[in-house]
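Trainee: I've got a new model open on my screen. Could you walk me through it, one step at a time?

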Number of protein chains: 2
Amino acid sequence: VNVLIVYAHPEPRSFNGAMRDLAVQTLGELGHQVQVSDLYAMRFNPVAGPGDFRDRADPTHLSILREQRYAAAGPGYAPDIAAEHEKLFWADLIIFQFPLWWRSVPAIMKGYFDRVFTLGLIYGRGSKGLRGKKAMLAYTTGGPVSEDGEQEEIEWLNRQLIPIREGIIQYLGLEELPPYIAFGPAGVDDAKREQYLEAYRNHLIQLTAKQEATR
Amino acid sequence: VNVLIVYAHPEPRSFNGAMRDLAVQTLGELGHQVQVSDLYAMRFNPVAGPGDFRDRADPTHLSILREQRYAAAGPGYAPDIAAEHEKLFWADLIIFQFPLWWRSVPAIMKGYFDRVFTLGLIYGRGSKGLRGKKAMLAYTTGGPVSEDGEQEEIEWLNRQLIPIREGIIQYLGLEELPPYIAFGPAGVDDAKREQYLEAYRNHLIQLTAKQEATR
């Protein structure tokens, strides 16, 4: 299985950083191929704009969708976008890993969606597309589980992420695998963080085992 | 009424640009004070990171929340963030204007949320906060109204934007005013676009009249 981890966190030594390292190690040990798009480390530009395109359908008036479609028809995208397209087409499974900020992904990852998920190539009429691949969210929250309990919390989070889960993952034809959520890792002790990492490790092992079984 | 328009669109000559200009003109004619944070024109940096802070509570390990709280306690924020704080405290009404991209705001505006809505100053224990101010979303969609009709479409959009409406606007103690939505302006003719602008003008007149009446 080829796995692309699209990862966004500003601090390599964070719990998110530990999750990323663990995923790379675990998936590698299982014999999978792994690439990481570490958006902060790459200094990924999240701001969709005129620089996204090698040529312009209309250089005087920027419509992102029109230019995305034009780029797909031949001229192509800026190198940083094209590089991500290559990784996405290579991948069987795409993991989006991030800290939940304002009930969504950090801006640098929102910009990945805005710039890389392009009309005409990744979705839309005549696109090559990502249909049939799998996707998974792996994220950390800021606080502990609420008094309603973990299952309620997971369902609440699933609802908050509908714009991404339905609006992006499903819309692109990706099959969503169960998410991995670490609840408030900044507020728990080291033993609990170790438990979280062990649970993430098991989550990855189980998921990719199922992946292999269904190929 | 002091109005801050936080605006995100890469093309000044777009329909969003026309909406922004119309809002500035209309609100000015009504005697209101208007400031615009034109995020693309300002080349606003949407990527939360170590540069957001004048000093660091822990220079060796970046926790955005810890550093936001530390900055609020004295050292302060980077100049671009501090400038937005000033505008937010000045404003009675904050309009977030944007094209809907992937059922959310463009990354440059998500980064405004991530970097400017800081713990310890804008929300959280001991914060000065924005409580009692008003906020409004003004946005364009990519396509026409679905067959279910406009009211269904508005309700669907309201649900998609819950992470922003509840998770940010309500959470910050802002009172949300009815949104203005222009449905697929890129796909309609000039006469329809003029209608949209006239409707936006009336929307702004009515809202701010109510504002004045309740002061």
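Mentor: Sure, and keep in mind that this model is predicted. Let's start in chain A, with F117(A), which sits in the loop between helix 4 (107–116) and strand 4 (134–140).

Trainee: Okay, so is F117(A) buried or exposed?

Mentor: To count as buried, a residue has to be under 20% relative accessible area. F117(A) comes in at 1% relative accessibility, so we call it buried.

Trainee: Leaving aside its neighbours within four places in sequence, which residue of chain B is F117(A) in contact with?

Mentor: Go through its partners in chain A, including Q68(A), L88(A), F96(A) and Y112(A). I122(A), Y123(A), I168(A) and L172(A) are on the list too. What's left is the partner from chain B, W102(B).

Trainee: Cool. What kind of axis relates the two copies?

Mentor: Chain B can be laid on chain A by a turn of 180° with a shift of 0.0 Å along the axis, and the RMSD is 0.0 Å. The copies are therefore related as by a two-fold rotation axis.

Trainee: And which C-alpha in chain B is nearest the axis?

Mentor: Look for the one 2.5 Å from the axis. In chain B, that C-alpha belongs to A107(B).

Trainee: Last one: which helices of chain A do the buried residues of helix 6 of chain B pack against?

Mentor: Those buried residues are P163(B), I164(B), R165(B), G167(B), I168(B) and I169(B). Within chain B they pack against helix 4, strand 4, helix 5 and strand 5. Across in chain A, they pack against helix 5 (150–160) and helix 6 (162–170).

How values were computed:
Residues are numbered from 1 along each chain as its sequence is written. Chains are lettered from A and ligands numbered from 1 in the order in which they are written. This is a predicted model: local features need pLDDT of at least 70, side-chain atom pairs count only at pLDDT 80 or more; totals for chains, interfaces and linings use all residues. Side-chain values use heavy atoms; hydrogens and water are left out. Copies are superposed by least squares on the C-alpha atoms of residues with pLDDT of at least 70 in both. Buried means under 20% relative accessible area, exposed over 50%, partly exposed in between (1.4 Å probe, protein chains only). Helices (H or I, at least four residues) and strands (E, at least two) are DSSP runs, numbered from the N terminus. Contact means heavy atoms within 4.5 Å.
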